[in-house]
Amino acid sequence: MSGRMAGKLALITGAAGGIGSAIARSFAREGAQVMVTDLDGNAAEALVEAVNKDYPGALCAAQQDVTDPKRWDQIIDEVDARLGGLSVLVNNAGVWTTGTVEETEDEAWERGLKINLDSVFYGTKRAMRLLRDKQPASIVNLSSIAGLIAGHNIASYNVAKAGVWMLTKSTALYAARKGWDVRCNSIHPFFIDTGFLEDVFSRDGSRHEVDDEQRAKLAKQTPLGRLGTPDDVAYAAIYLASDESHFMTGSELKIDGGISAM
């Protein structure tokens, strides 16, 4: 096996979406063995079928609700049995939530934090026992530029993604203090051209295909004048998951077209 991630054993949550599937394919291309999970188990299985045509046996799949701690216990046992351990955890699952601090219903607030933040805690806590047995190991958390820059109408999303950013740093310092070669870093994308944009433009819960005019509107907000691609995020994930970033922990990579420099 060859590649930048040869010998790595990875678990990717929320893998059926645009960013998750790009990371899964890139890991397979670089020689990793990967379990992909998603709330939509059929979509996860379809991803496995598609990727394994090009990289036979690289991927396997399981259905997972990342907000369920007991399911996390099962997934960690399953990845250990099927892959023979774990050296890379990618906490990618997440949802877009909107609403000001006054507008956001209590239930919507709790749902956003449970999916976007609590799931990262559940997974990191439970995966650590496998990661420390497969050192050098790496945790890659998908946060957002919204974890660093606030918006007036995305209160829950801001808080959850900022929480992922800080949880990343706390985890990195914890592992380092223990003397483990288990690194933890976060990725902070801005607008990436995936189906996620349908949620950004949704109104009253109604989603529709994003058109070129709407894409152009978002692109104008970045100094580079364009949207990011799933592969832009996947390249960052490869770097953080591989041993190339061996002296990097508790840090963040901004994949944001320059918006955070303004």
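Ser242 is buried in this predicted model, and its relative accessible area is 0%. Because buried means under 20% relative accessible area, Ser242 clearly falls within that class. To find this residue, look at the loop between α8 (230–241) and β7 (252–255). Leaving aside residues up to four places away in sequence, Ser242 touches Arg4, Met5 and Arg183. Now compare its position with that of Thr13: the two are 229 residues apart along the chain, and their C-alpha atoms are separated by 18 Å.

Next, let us go to the segment before β1 (9–12), where you will find Lys8. Is Lys8 buried or exposed? Its relative accessible area is 8%, so Lys8 is buried. Its contacts, again not counting residues up to four places away in sequence, are Ala32, Gln33, Ser87, Val88, Pro136, Ala241 and Asp243. Gly41 is not on that list of contacts; the C-alpha atoms of Lys8 and Gly41 are separated by 23 Å, with their positions 33 residues apart along the chain.

One of the residues that Lys8 touches, Pro136, deserves a visit of its own. Pro136 sits in the loop between α4 and β5 (137–142). The peptide bond that leads into it from Gln135 is cis, with omega near 0 degrees.

From that loop, step back to α4 itself. Helix α4 (residues 106–131) packs against helix α3 (residues 69–83) at an angle of about 35 degrees, and the axes are 10 Å apart. This crossing of α3 and α4 is right-handed. Which residues of the two helices make the contact? On the α3 side they are Pro69, Trp72, Asp73, Ile76, Asp77, Val79 and Asp80, while α4 brings Ser119, Tyr122, Gly123, Arg126, Ala127, Arg129 and Leu130. Sorted by character, the residues of this contact comprise seven nonpolar, two polar and five charged.

Two members of the contact are worth a second look. Asp77, in helix α3, has 46% relative accessibility, so it counts as partly exposed. Between the C-alpha atoms of Asp77 and Thr104 there are 37 Å, and these residues are 27 apart along the chain. Tyr122, by contrast, is buried, with a relative accessible area of 12%.

Tyr122 also brings us to the aromatic rings. A pair of aromatic rings is described by the distance of the centres and the angle of the planes. Searching the whole structure gives four aromatic pairs. In one of them, the rings of Phe121 and Tyr122 have centres 5.8 Å apart and planes at 55 degrees, so this pair is tilted. Phe121 has a relative accessible area of 41% and is therefore partly exposed.

Our next stop is helix α5 (residues 155–178), which holds Arg177. With 79% relative accessibility, Arg177 counts as exposed. Arg177 and Ala150 are 27 residues apart in sequence, and in space they are 31 Å apart from C-alpha to C-alpha.

Finally, turn to helix α7 (residues 212–219), where Gln214, Leu218 and Ala219 are buried. Why do these three belong on the same side of α7? They cover an arc of only 140 degrees around the axis, and this puts them on the same side. Asp212, Glu213 and Lys217 are exposed on the other side of α7.

Technical notes. Residues numbered from 1 in each chain as written. Predicted model: local features only at pLDDT ≥ 70, side-chain atom pairs only at ≥ 80, totals over all residues. Heavy atoms only, no water. Axes fitted to C-alpha atoms, helices over the stretch in contact; angles between N-to-C directions. Helix = DSSP H or I, 4+ residues; strand = E, 2+ residues; numbered from the N terminus. Left-handed = near helix turned anticlockwise from the far one by under 90°. Contact = heavy atoms within 4.5 Å. Nonpolar A, V, L, I, M, F, W, Y, C, P; charged D, E, K, R; others polar. Buried < 20%, exposed > 50% of the residue type's maximum accessible area, 1.4 Å probe, protein only. Arc of directions from axis to C-beta. Phe/Tyr/Trp six-rings, centres within 6.5 Å; stacked < 30°, edge-to-face > 60°.
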